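Colleague: Got a minute to go through this model with me? I'd like to start inside and then look at a pocket.

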Amino acid sequence: MRLLIVEDNEQLSELISSGLRAAGFAADAVTRADQALAAATTNRYAAIILDLGLPDQDGSSVLATLRQAGNPTPVLILTARDGVDDRVAGLRAGADDYLVKPFAFAELIARIEALLRRPGNLLGAQLQLGDLTFDTQSRQAIVDGHPVLLSVRETTVLELLMRRKGNVVSRKAVEDHLFGLGEVTSNAAEVYVHRLRKQLAAAGASVKIATMRGVGYVMKETE
């Protein structure tokens with residue numbers, strides 16, 4: 001899943017980006033409000049992590065602009081402003097959650113996962129197809145009761161395909177979930193889909209990933 005980080009402290013932004021990628025997310029990072037609006041308009045994100053103290057305008061104006069445009073992307077405000085009035089104002093402006101700096105990274109991940117589990121968002125507790133189960137909280141794939149060891153990016157592809165089981169997922173959608181801006185390389189989607197396909201076959205899963213030439217990929221039960 002792809003997240004947008006809006007944070008003007010470049011060192012902190014890089015730390016957050018690295019941690020999110022290690023947790024299985026793709027992450028884009030920008031430092032200004034105008035960049036945030038451009039990115040959120042151009043790309044589809046699972047969630048946005050938004051600092052309020054941006055150099056060109058306050059982050060709350062970014063939030064207001066997104067909500068006025070009908071953008072429903074979950075927004076977690078991440079800021080040093082710790083007053084009750086600040087938290088209330090942020091939530092009333094349309095934020096979905098509010099976390100004060102300094103923060104524990106494990107809590108940031110937990111809050112993002114909680115946002116994405118809400119009705120209408122991307123995460124559910126458990127996904128099932130045939131004898132394959134995927135637990136979105138533990139990030140564990142299980143075939144007929146036995147765990148399957150997958151890399152972070154293989155796990156990302158698996159979750160995306162299982163959420164859209166029976167439907168074609170475009171190559172670009174796979175790349176968007178795997179990589180942030182400027183990270184993607186040619187053949188990247190094919191490589192990770194191929195690796196995942198081999199892992200599931202080796203585990204004896206009763207599912208298959210079919211390639212639709214020129215369109216994308218679809219996961220379904222083996223007939």
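**Core and pocket**

Modeller: Sure. Keep in mind that this is a predicted model. Leaving out residues up to four places away in sequence, Met219 touches Leu129, Leu132, Leu158, Leu161, Met162, Lys165, Gly166, Leu200, Lys208 and Ile209.

Colleague: Which residues touch the most other members of the largest nonpolar core?

Modeller: Leu132, Leu158, Leu200 and Met219 do. That core has 29 residues.

Colleague: Which elements each supply at least two residues of it?

Modeller: β6 (126-129), β7 (132-135), β8 (140-143), α6 (152-163), α7 (171-178), α8, β11 and β12. The largest share comes from α8, with six residues.

Colleague: And what does the second, separate core include?

Modeller: Val6, Ala36, Leu37 and Leu66 are among its 20 residues.

Colleague: Switching topic. What volume does the second largest pocket have?

Modeller: About 160 Å³.

Colleague: Which elements give two or more residues to its lining?

Modeller: α8 (188-202), β11 (207-212) and β12 (216-221). α8 gives the most, with four residues. So α8 turns up twice: it gives the most to this lining, and the largest share of the 29-residue core comes from it.

Colleague: Which residues line that pocket?

Modeller: Arg171, Glu190, Val193, His194, Arg197, Thr211, Met212, Arg213, Gly214, Val215, Gly216 and Tyr217.

Colleague: How does the lining split by class?

Modeller: Four nonpolar, four polar and four charged residues.

Terms used. Residues numbered from 1 in each chain as written. Predicted model: local features only at pLDDT ≥ 70, side-chain atom pairs only at ≥ 80, totals over all residues. Heavy atoms only, no water. 1 Å grid on protein atoms, 1.4 Å probe; cavity = no way out; pocket = protein on both sides within 12 Å on 5 of 7 lines; lining within 4 Å. Points joined across faces, edges and corners; volume = space filled by probe spheres on them. Nonpolar A, V, L, I, M, F, W, Y, C, P; charged D, E, K, R; others polar. Core = buried A, V, L, I, M, F, W, Y, C linked by side-chain atoms within 4.5 Å. Buried < 20%, exposed > 50% of the residue type's maximum accessible area, 1.4 Å probe, protein only. Contact = heavy atoms within 4.5 Å.
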